Amino acid sequence: MISDTLLRAARRTFLAGATAFVVGIVAVPSFVTPTIASDGPPSVADLAEHLLGAVVNISTSQTVKGTEGPGAVPMPQLPEGSPFQDFFDDFFKNRGGDKGGTAQKVQSLGSGFVIDAEQGIVVTNNHVIADADDIEVNFSDGITLKAKLIGTDTKTDVAVLKVEPKGHKLTAVKFGDSTKMRVGDWVMAIGNPFGLGGTVTVGIVSARNRDINSGPYDDFIQTDAAINRGNSGGPLFNAQGEVIGINTAIISPSGGSIGIGFSIPSQLAAGVVDQLRQFGETRRGWLGVRIQPVTDDIAESLGMATAKGALVAGVIKGGPVDNGSVQAGDVIIKFDGKDIHEMRDLPRVVAESPVGKAVDVIIVRKGVEQTVKVTLGRLEDGEKLASSENGNTDQGNGDKATPPVSTASVLGMTVGELNDQTRQKFGIAADVSGVVITDVAKDSAAAERGIQPGEVITEIAQESVGTPKDVMDRIGALKEQGRKNALLMLASKTGELRFVTIRMD
């Protein structure tokens with residue numbers, strides 16, 4: 001065993017050597033790294049005490065009839081004239097045990113927080129109050145008030161409620177700037193987990209910009225602060241006591257916290273709350289394009305140095321850019337001064353922009369950057385327009401004579417002319433133009449990309465094609481240029497567009 005004397009001597013030798021190293025070689029920096037205090041962060045008791053009054057419990061009830069209720073037992077089928085008929089009628093029908101019986105009340109719990117004490121405005125998650133018949137807000141001092149639903153947004157899972165204080169003084173909190181939060185910053189969650197109101201938990205920002213596929217605007221803050229069932233709708237605070245997130249989801253095999261929780265960032269939530277308060281609904285900006293990711297293959301096909309931005313796969317008729325300012329095949333790399341790093345960035349920044357605003361959009365078109373001016377429409381109107389466009393499946397061109405069909409084989413596909421015969425065979429709409437794919441070879445590059453017979457090639461490398469010869473010529477030209485991939489714009493039978501890259505080796 002090494003003695004304490006030897007250990008102390010070794011330690012002095014090490015420290016002396018380290019000092020000589022730092023002093024003797026000034027150009028080499030000493031090894032200085034950030035440290036974490038051994039006793040943890042300062043107490044959050046004062047901060048929690050100040051904020052607890054603004055955090056509320058949300059209780060809802062929903063009327064469910066008969067066997068729809070949890071744990072309900074259906075009334076047994078008895079023989080006609082059974083002496084037990086009256087007994088079972090009394091037991092089941094008067095207790096809501098069959099579909100014709102008395103309705104049952106199903107209750108659920110969640111969390112929320114007050115953002116306007118004078119007006120009695122409370123924010124929570126949409127899924128906390130969805131389909132509720134009655135909503136009550138329970139405050140930390142024991143007061144319970146009935147709540148009125150002001151508006152909801154299913155896309156971000158945000159809901160706004162209003163209570164009448166009736167002389168009850170409320171405590172409010174305000175939204176902070178979630179964009180300033182860094183991974184490792186301390187955060188505090190307060191909520192109503194498992195019905196245990198006023199529960200405070202502390203953690204850090206574990207990650208930012210998380211996409212958990214819960215909606216079109218996913219941009220969650222991930223935290224390891226304990227969040228459990230019943231925390232939904234509750235606030236996530238920064239060290240200054242500002243709300244920088246709304247706790248909304250967890251990943252957990254057991255239903256309890258395992259340190260992976262997600263909060264809607266205040267940057268997104270605050271704008272939604274303002275619109276719900278003002279209009280009772282959202283009014284998001286709308287560009288009127290269908291988009292898809294820019295992969296490495298697509299970037300190479302377009303002559304882009306890096307894969308970034310959102311690729312425009314189609315333009316919705318009657319939308320804001322149906323005037324040709326933005327075209328299918330353009331790559332949007334900046335919107336209203338905000339960089340578009342990947343496809344999912346674009347819907348969020350467009351939706352956060354005011355309806356009717358004129359914005360500059362930087363696009364890459366045929367390898368050249370250019371700026372176009374676009375006036376935004378309203379997303380809610382655009383969704384109806386896009387839905388009606390998708391429903392247009394008009395087919396046929398009458399009884400015109402059918403010309404001979406010429407075909408060609410290229411990249412594992414057999415392509416042919418798009419005429420009345422092929423339109424009828426594959427059910428292709430009349431307004432779709434290009435070259436139809438009549439067959440796809442098994443195990444070919446085209447098959448690997450999921451290309452199907454009946455799809456129509458409308459462009460190759462952003463050049464229109466109308467005949468099988470055009471397809472052959474464009475592929476040949478790309479090979480001569482040394483391109484490894486061919487970028488195809490394909491139209492479905494109804495005209496919906498998508499981009500696909502196919503290897504040409």
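## Surface patch and salt bridges

Val44, Trp186, Val200 and Val202 together make a nonpolar surface patch of about 300 Å². Patches of this kind are made of residues with over 30% relative accessible area and no salt bridge, where nonpolar side chains (Val, Leu, Ile, Met, Phe, Trp, Tyr) are joined within 5 Å and like charges within 9 Å; the accessible areas come from the Shrake-Rupley method with a 1.4 Å probe, and for residues only the protein chains shown count as cover.

The model is predicted, so local features need pLDDT of at least 70 and side-chain atom pairs count only at pLDDT 80 or more, while totals for chains, interfaces and linings use all residues. Residues are numbered from 1 along each chain as its sequence is written, and side-chain values use heavy atoms, with hydrogens and water left out.

Within the patch, valine 44 is found in the loop between helix 1 (4-24) and helix 2 (45-51), where helices (H or I, at least four residues) and strands (E, at least two) are DSSP runs numbered from the N terminus. Valine 44 has a relative accessible area of 31% and is partly exposed; that class lies between buried, under 20% relative accessible area, and exposed, over 50% (1.4 Å probe, protein chains only).

The structure holds 20 salt bridges, each being a side-chain nitrogen of Lys or Arg within 4 Å of a carboxyl oxygen of Asp or Glu. Three of them are listed here with their N to O distances.

| Basic residue | Acidic residue | Distance |
|---|---|---|
| Lysine 146 | Glutamate 136 | 3.4 Å |
| Arginine 449 | Aspartate 297 | 2.6 Å |
| Arginine 378 | Aspartate 381 | 4.0 Å |

The salt bridge between lysine 146 and glutamate 136 links distant parts of the chain, with lysine 146 in strand 5 (residues 144-153) and glutamate 136 in strand 4 (residues 134-138), 10 residues apart. Lysine 146 counts as exposed at 54% relative accessibility, whereas glutamate 136, at 27%, is partly exposed.

The side chains of arginine 449 and aspartate 297 also meet in a salt bridge, and this pair links distant parts of the chain, 152 residues apart: arginine 449 sits in the loop between helix 10 (445-448) and strand 24 (456-460), and aspartate 297 in helix 6 (residues 296-301). Arginine 449 is partly exposed with a relative accessible area of 38%, and aspartate 297 is partly exposed with 26%.

In the salt bridge of aspartate 381 with arginine 378, aspartate 381 is partly exposed at 43% relative accessible area, while arginine 378 counts as buried at 19%. Salt bridges that share partners join Glu281, Arg283, Arg378, Glu380 and Asp381 into one network.
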